[in-house]
Amino acid sequence: LDALGSLLYVGVLTFMLWLIFGICGVNYLKGVLYSCNDRTGAVAGIDGCVGTSVINLDGQYVVEARVWSNAKAHFDNIGAAMYTLFEISLNEWYHIAHSAINSVAENVQPISGYQQWWTVYFILFVLLSNLFFMNLFVGVVRPFHHCQRVVGPSRSFGHSVCLVASPIKGVPSAGQRSEEPVWRWHRGHED
């Protein structure tokens, strides 16, 4: 319960980071993750994505209607961007990254590997959101759980014992030796 205030700060900091990455995503990727479902490679943009295409699937010819559609995860508005960043934080980032890397411009069919610098955006977001903030979360929660419960002989009543570092009078400076321990056991509050 004592950690809730600190966890709130970590949550606000995480939201602000996501908001910054979301705004950058909307600013640069709005409307560019659309593509045509045509697999023949004959479509260059939205104007050519009309009618049908004929494809060969294992010796059988199949007619498909061409459709210009957006990716499931996109950055067309801030809400969609935040949802996309949530999916990225759940390790679904490589599909979304490929869509961004292949994007060219609005109403233009994606080209494989066209904007590879988007890799930096996604890797930076994954590192900051998943690793850095997870360490921040653990760093905030851990100090509140560093005490161990010691149960007495009756096993019905116990007390908390915490190992804490505290300044001790007479502790030698670097290079000197002393028999006095630097760590002391402190008894917590009785339950």
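Okay, let's start with a small puzzle: is Cys36 buried or exposed? Cys36 is buried, because its relative accessible area is 6%, and buried here means under 20%. Before I go on, please keep in mind that this is a predicted model.

So who does Cys36 pair up with? Cys36 forms a disulfide with Cys49, and the two sulfur atoms sit 2.2 Å apart. The structure holds one disulfide, so this one is quickly found on your screen. Cys36 belongs to strand S1, residues 35–36, while Cys49 lies in the loop between S1 and strand S2, which covers 52–57. That puts the two cysteines 13 residues apart, and the pair links distant parts of the chain. The torsion about the S-S bond is about 75°, so we call the disulfide right-handed. Cys49 counts as buried too, because its relative accessible area is 7%. Then there's Cys24, which is partly exposed at 32% relative accessibility.

Now let's go to the helices, starting with H1. With 26 residues at 1.5 Å each, H1 should span 38 Å, and its end C-alpha atoms are 36 Å apart, which agrees. Which residues of H1 are buried? They are Val10, Thr14, Leu17, Trp18, Phe21, Gly22, Gly25, Val26 and Leu29. If you look at the spacing in that list, here's the background: an α-helix has 3.6 residues a turn, so residues three or four places apart point the same way. Just after H1 comes Gly31, with a positive phi of about 80°.

Next up, the core. The largest nonpolar core has 23 residues, and those with the most contacts inside it are Leu29, Phe75, Leu85, Ile88, Trp118, Tyr121 and Phe122. At least two of the core residues come from each of helix H1 (4–29), helix H2 (78–89), helix H3 (93–102) and helix H4 (118–141). H4 supplies the largest share, six residues. Take Leu85 as a way in: leaving out neighbours within four places in sequence, Leu85 is in contact with Trp18, Phe21, Gly22, Phe75, Tyr121 and Phe125.

You'll have noticed a lot of rings there. How many aromatic pairs does a search of the whole structure find? It finds nine. One of them is Phe75 with Tyr121: the ring centres are 6.4 Å apart and the planes meet at 75°, so the pair is edge-to-face. Phe75 is in the loop between strand S4 (68–69) and H2, and Tyr121 is in helix H4, so this pair ties together parts 46 residues apart in sequence. Tyr121 also forms an edge-to-face pair with Phe122, at 5.0 Å centre to centre and 90° between the planes. As for burial, Phe75 is at 0% relative accessibility, Phe122 is also at 0%, and Tyr121 is at 10%, so each of the three counts as buried. Zooming out, ring pairs link Trp18, Phe21, Tyr28, Phe75, Phe86, Trp117, Trp118, Tyr121, Phe122 and Phe125 into a cluster.

One last stop: His74, in the loop between S4 and H2. His74 is buried, with a relative accessible area of 17%. Its side chain reaches the backbone nitrogen of Asp76 at 3.3 Å. Not counting residues up to four places away in sequence, His74 touches Leu33, Ala80, Ala81 and Thr84.

That's the tour, thanks for listening!

How values were computed
Residues numbered from 1 in each chain as written. Predicted model: local features only at pLDDT ≥ 70, side-chain atom pairs only at ≥ 80, totals over all residues. Heavy atoms only, no water. Core = buried A, V, L, I, M, F, W, Y, C linked by side-chain atoms within 4.5 Å. Buried < 20%, exposed > 50% of the residue type's maximum accessible area, 1.4 Å probe, protein only. Helix = DSSP H or I, 4+ residues; strand = E, 2+ residues; numbered from the N terminus. Contact = heavy atoms within 4.5 Å. Phe/Tyr/Trp six-rings, centres within 6.5 Å; stacked < 30°, edge-to-face > 60°. Expected span 1.5 Å × (residues − 1). Disulfide = S-S within 2.5 Å. Polar contact = N/O pair within 3.5 Å; in protein donor to acceptor, adjacent residues only side chain to side chain.
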